[in-house]
Amino acid sequence: MDVRIYVGNLAKSTTQDEINTLFATAGAVTSVELVKEKGTGMSKGFAFVAMPTQAEADKAISMFNGYSLGDNTLKVNVAKPRV
């Protein structure tokens, strides 16, 4: 079962491909879901990344929490379960 990671404080211009490329340096990426506004299609500033193992997810969190992407400092942690 994949481990979902929350990635916050993204620039509005950040693309799904940029997130995928960044997180792929920490391990295999199963999927990237960049959350967008319905009306404009612009990023809401956060995304979810799925990785196949807890070890890869932990590595990504330690590598990218506090990481500077563009002018923003990323907030990265394990995603809370959907309610």
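Strand 1 (residues 3-8) and strand 3 (residues 43-51) run antiparallel and are joined by six bridges; helices (H or I, at least four residues) and strands (E, at least two) are DSSP runs numbered from the N terminus. One link in strand 3 is A47, the bridge partner of V7. This is a predicted model, in which local features need pLDDT of at least 70 and side-chain atom pairs count only at pLDDT 80 or more, while totals for chains, interfaces and linings use all residues. Residues are numbered from 1 along each chain as its sequence is written, and side-chain values use heavy atoms, with hydrogens and water left out.

Now to the sheet as a whole. It is open, with four strands in the order 2-3-1-6 and antiparallel pairing (two strands pair if DSSP finds at least two bridges between them). Strand 2 (31-36) and strand 6 (75-78) sit at the edges with a single partner strand each, so one side of each has no neighbour in the sheet. On average, neighbouring strands of this sheet are turned by 20° against each other, direction ignored. Axes here are lines fitted to C-alpha atoms, for helices over the stretch in contact, and angles run from 0 to 180 degrees between N-to-C directions. Helix 1 lies across strand 1, strand 2, strand 3 and strand 6, and runs at about 145° to strand 2; contact means heavy atoms within 4.5 Å.

Helix 2 has two faces to look at. Its buried residues are E56, A57, A60, I61 and F64 (buried is under 20% relative accessible area, exposed over 50%, partly exposed in between, with a 1.4 Å probe and protein chains only). They span an arc of only 135° around the axis, so they fall on the same side of helix 2; the arc is that of the directions from the helix axis to the C-beta atoms. A55 and S62, on the other side of helix 2, are exposed. The cover over the buried residues includes strand 1, helix 1, strand 3 and strand 6. After helix 2 comes G66, with a positive phi near 90°.

As for rings, the structure holds five aromatic pairs (ring centres of Phe, Tyr or Trp, its six-membered ring, within 6.5 Å; planes under 30 degrees apart are stacked, over 60 edge-to-face, the rest tilted). F23 and F64 make a tilted pair, 4.9 Å centre to centre with 55° between the planes. F23 belongs to helix 1 (residues 16-24) and F64 to helix 2 (residues 54-64), so this pair ties together parts 41 residues apart in sequence. F23 is buried at 1% relative accessible area, and F64 is buried at 3%. Elsewhere, Y6, F46 and F48 form one aromatic cluster.
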